[in-house]
Amino acid sequence: PLIDVDDLEEFAVRPAPQGVTVKCRITRDKKGMDRGMYPTYYLHLEREHGKKVFLLAGRKRKKSKTSNYLISIDPTDLSRGGESFIGKLRSNLMGTKFTVYDNGVNPVKTTSSLEATVLRQELAAICYETNVLGFKGPRKMSVIIPGMNMDHERVSIRPRNEHETLLARWQNKSTESVIELHNKTPVWNDDTQSYVLNFHGRVTQASVKNFQIIHDNDPDYIVMQFGRVAEDVFTMDYNYPMCALQAFAIALSSFDSKLACE
């Protein structure tokens with residue numbers, strides 16, 4: 001089925017259709033003076049016959065204490081105040097935990113009378129853990145996303161304080177309205193002397209940044225996968241219940257994570 005992306009803003013937050021893998025590609029643009037430090041990442045939907053449709057762009061903000069990426073539906077406008085701003089990814093000081101927000105208002109910056117509907121939603125949280133082998137082996141990722149209701153719509157999580165955040169819920173094990181996902185543990189391959197995952201032809205270059213996200217109950221259902229196909233080109237595929245904004249932000253976090261050392 002053809003995936004309809006006419007309304008990018010709506011598409012970006014819409015969960016993938018059930019039974020359909022949305023296949024995308026991320027290109028990293030390092031051109032320009034400071035792009036080495038602040039590359040722009042572009043997400044495209046892959047259509048048949050090699051056609052590509054632009055979906056989202058992301059770029060790290062300068063002068064931010066922690067890693068802070070703006071995500072936009074306009075490849076040329078990556079500003080916070082722009083109309084195309086659709087979400088952001090923010091890390092903790094260590095660069096090990098990340099939260100993905102939509103373009104709603106930060107509760108800290110509002111008066112209490114503000115309507116709940118304009119408060120920002122948390123769309124995902126990502127936690128990286130070092131493994132026992134230090135940096136060399138596969139790292140552990142936990143991804144926490146809002147759960148789905150009976151109508152297959154995302155539960156709206158709009159924290160008013162830090163006790164209500166996805167990270168707090170996960171840390172306090174109060175996970176009734178959230179889904180906890182993990183990266184699939186790669187298996188050691190003696191021939192290549194490396195840890196490997198089966199990407200079914202979607203990933204062609206070995207990299208510790210390659211990963212697949214699964215739910216522990218069904219390790220064969222790949223909710224999202226990400227991996228390198230060329231120096232600055234990566235494939236990113238996602239399935240229900242994930243949406244493009246969640247998956248793209250998770251990929252951006254993996255570029256950034258301090259624990260993603262090669």
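Is Arg202 buried or exposed? Select Arg202 in this predicted model and take a look: with 16% relative accessibility, Arg202 counts as buried, because the cut-off for that label is under 20%.

**First stop: Arg202 and Glu46**

Keep Arg202 on screen and add Glu46. The two form a salt bridge, with 3.0 Å between the closest N and O atoms. Arg202 sits in the loop between strand E11 (194–196) and strand E12 (211–215), while Glu46 belongs to strand E2 (residues 40–46), so this pair links distant parts of the chain, 156 residues apart. Glu46 is partly exposed, at a relative accessible area of 23%.

**Second stop: Asp237**

Now add Asp237. Its side chain meets that of Arg202 in a salt bridge, at 2.7 Å from N to O. Here the link runs from the loop between E11 and E12 to strand E14, across 35 residues. Asp237 is buried, with a relative accessible area of 4%.

Next, bring in Arg25: salt bridges with shared partners join Arg25, Glu46, Arg202 and Asp237 into one network.

**Third stop: Arg28 and Asp232**

Move on to Arg28 and Asp232, another salt bridge, whose closest N and O atoms are 2.7 Å apart. Asp232 lies in the loop between strand E13 (218–230) and strand E14 (233–238), and Arg28 in strand E1 (residues 22–29), so the pair ties together parts 204 residues apart in sequence. Arg28 is buried, its relative accessible area being 15%.

**Before you leave**

How many salt bridges does the count come to? The total is 7, including the pairs Arg202–Glu46, Arg202–Asp237 and Asp232–Arg28.

How values were computed
Residues are numbered from 1 along each chain as its sequence is written. This is a predicted model: local features need pLDDT of at least 70, side-chain atom pairs count only at pLDDT 80 or more; totals for chains, interfaces and linings use all residues. Side-chain values use heavy atoms; hydrogens and water are left out. A salt bridge is a side-chain nitrogen of Lys or Arg within 4 Å of a carboxyl oxygen of Asp or Glu. Helices (H or I, at least four residues) and strands (E, at least two) are DSSP runs, numbered from the N terminus. Buried means under 20% relative accessible area, exposed over 50%, partly exposed in between (1.4 Å probe, protein chains only).
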